Amino acid sequence: MNLPLDSVMLLSVVNTNLRDRYPSLDAFCEAEDVNKEDLIARLAVIDYIYDPVKNQFK
């Protein structure tokens with residue numbers, strides 16, 4: 001998956017996919033060939049962290 005460079009757009013794309021297509025961040029990253037640590041770090045810059053209970057970044 002070609003993820004957006006803009007952090008806010010990235011947040012939107014990831015959360016939409018987590019809500020609609022994937023049961024977990026691990027499943028999303030594996031299926032879309034995304035580096036999980038890089039994704040977490042990119043969203044941490046705008047103060048969003050992954051909540052596994054809600055399966056979303058907030």
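N55 sits in the loop between β1 and β2 (56-57), and its backbone is worth a look in this predicted model. Its phi is near 55°, which is a positive value in a residue other than glycine. D47 also has a positive phi, and the structure holds two aromatic pairs as well.

**Positive phi in the loops**

- N55 has a relative accessibility of 12%, so with the cut-off for buried at under 20%, N55 counts as buried.
- D47 has its phi near 65°, again a positive value in a residue other than glycine.
- You'll find D47 in the loop between α3 (36-44) and β1 (50-51).
- D47 is exposed, with a relative accessible area of 67%, because the cut-off for exposed is over 50%.

**Aromatic pairs**

- A pair of aromatic rings is described by the distance of the centres and the angle of the planes.
- The structure holds two aromatic pairs, and one of them joins Y22 and F28 in an edge-to-face arrangement.
- For Y22 and F28, the numbers are 5.5 Å centre to centre and 75° between the planes; planes over 60 degrees apart count as edge-to-face, so the label follows.
- Both Y22 and F28 are buried.
- Y50 and F57 have ring centres 5.4 Å apart and planes at 55°, so this pair is tilted.
- F57 is buried, with a relative accessible area of 2%.

How values were computed: Residues numbered from 1 in each chain as written. Predicted model: local features only at pLDDT ≥ 70, side-chain atom pairs only at ≥ 80, totals over all residues. Heavy atoms only, no water. Phe/Tyr/Trp six-rings, centres within 6.5 Å; stacked < 30°, edge-to-face > 60°. Buried < 20%, exposed > 50% of the residue type's maximum accessible area, 1.4 Å probe, protein only. Helix = DSSP H or I, 4+ residues; strand = E, 2+ residues; numbered from the N terminus.
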